[in-house]
Amino acid sequence: MSAAPEPAGDGTPTGRCDLPATAYAVLGLLSFGRELTGYDLRKWAEHMRFFYWSPAQSQIYAELRRLKSRGLVTERGEPQRGRPDKRYYRITAAGQWAFRHWENQSELEPPVIKHSPMLRLFFGHQADPDRLHELLAEYLDWLEQQRAELHQIRADLLPEFPYPHLVAVWGHAFYDAELASVQAVLDELDRMSADPPD
């Protein structure tokens with residue numbers, strides 16, 4: 001990850017701002033311009049589970065503390081009767097600068113694939129053939145569910161969030177391709193079972 005100079009209050013760079021990708025994800029959610037609570041951020045971040053990250057609430061608050069300590073977000077308390085104050089967070093001008101620098105200047109990190117079904121298939125010589133088929137069929141069902149959920153989110157995004165909508169379009173195409181790939185593997189497994197190698 002490349003380092004971004006940390007801007008002063010007037011937006012000019014004054015040093016370095018090394019942040020993990022999860023911190024930039026939180027900054028990005030705040031960059032839509034809304035004042036959000038940690039709970040709001042957790043709900044918004046849940047939509048990113050389709051392609052990147054599904055954080056715990058504690059992770060959200062840890063990143064907010066980091067961002068606040070660097071002057072990249074502000075915090076505002078709102079008193080509640082009989083309950084702890086509600087905390088609202090907003091991105092600062094320095095936070096906008098740091099996020100835009102990351103978005104536009106940092107090198108793109110290639111995705112890291114950790115594909116559990118594919119790993120199990122790779123070692124299929126040790127698997128019971130029926131169980132392996134069952135596992136892939138379960139994965140197929142999961143993909144169908146994810147695609148259906150993403151379809152609903154995609155319908156709700158426009159016109160206010162055109163770029164997240166594009167990510168949803170990408171995700172929908174990904175799940176379509178993944179479904180076709182798994183079905184092709186299941187068909188090949190069926191062929192192998194009908195005509196086992198010598």
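The structure, a predicted model, holds 10 aromatic pairs. One of them joins Tyr139 and Trp142, and the pair is stacked. The ring centres lie 6.0 Å apart, with 15° between the planes. Both residues belong to helix H6, where they are three residues apart and so separated by about one helical turn. Tyr139 is buried, with a relative accessible area of 13%. Trp142 is partly exposed, at 40%. The rings of Phe174 and Tyr175 are arranged edge-to-face. Their centres are 5.3 Å apart, and their planes stand at 70°. Phe174 is partly exposed, with a relative accessible area of 44%. Tyr175 has a relative accessibility of 4%, which is under the 20% limit, and therefore counts as buried. These four residues, together with Phe50, form one aromatic cluster.

The second largest pocket has a volume of about 300 Å³. Its lining consists of 16 residues. Gly124, Pro129, Leu132, Leu189 and Met192 lie nearest the pocket centre. Helix H6, spanning 129–157, and helix H7, spanning 162–194, each supply at least two residues of this lining. The largest share, six residues, comes from H7. By class, nine lining residues are nonpolar, four are polar and three are charged.

Three strands form an open sheet. Their order is S1-S3-S2, and the pairing is antiparallel. Strand S1 (36–37) and strand S2 (73–80) stand at the edges. Each has a single partner strand, so one side of each is left without a neighbour in the sheet. Strands of a sheet pair through backbone hydrogen bonds, in either a parallel or an antiparallel sense. S1 pairs with strand S3, residues 83–91, over two bridges. Leu36 stands opposite Tyr89 of S3. Thr37 stands opposite Tyr88 of S3. The antiparallel pairing of S2 with S3 runs over seven bridges. Within S3, Lys86 is the bridge partner of Glu78. S2 and S3 form a hairpin, with two residues between the strands. Gly82, in the turn, has a positive phi of about 70°.

In soluble globular proteins, nonpolar side chains tend to be buried together. The largest nonpolar core of the model has 23 residues. Val26, Leu27, Leu30, Leu41 and Leu67 touch the most other members. Several elements each supply at least two residues of this core. They are helix H1 (21–30), helix H2 (38–46), helix H3 (57–69), strand S3 and helix H4 (93–105). H1 gives the most, with seven residues. Strand S3 thus has two roles in this description: S3 supplies at least two residues of the core, and S3 pairs with S1 and with S2.

Methods
Residues are numbered from 1 along each chain as its sequence is written. This is a predicted model: local features need pLDDT of at least 70, side-chain atom pairs count only at pLDDT 80 or more; totals for chains, interfaces and linings use all residues. Side-chain values use heavy atoms; hydrogens and water are left out. On a 1 Å grid over the protein atoms alone, a cavity is a set of points where a 1.4 Å probe fits but cannot get out, and a pocket is an open set with protein on both sides within 12 Å along at least five of seven lines; lining residues have an atom within 4 Å of a point. Grid points are joined across faces, edges and corners, and a volume is the space filled by probe spheres set on the points. Helices (H or I, at least four residues) and strands (E, at least two) are DSSP runs, numbered from the N terminus. Ala, Val, Leu, Ile, Met, Phe, Trp, Tyr, Cys and Pro count as nonpolar, Asp, Glu, Lys and Arg as charged, and the others, Gly among them, as polar. Rings of Phe, Tyr and Trp (its six-membered ring) pair if their centres lie within 6.5 Å; planes under 30 degrees apart count as stacked, over 60 as edge-to-face and the rest as tilted. Buried means under 20% relative accessible area, exposed over 50%, partly exposed in between (1.4 Å probe, protein chains only). Two strands pair if DSSP finds at least two bridges between them. A nonpolar core is a set of buried Ala, Val, Leu, Ile, Met, Phe, Trp, Tyr and Cys residues joined through side-chain atoms within 4.5 Å.
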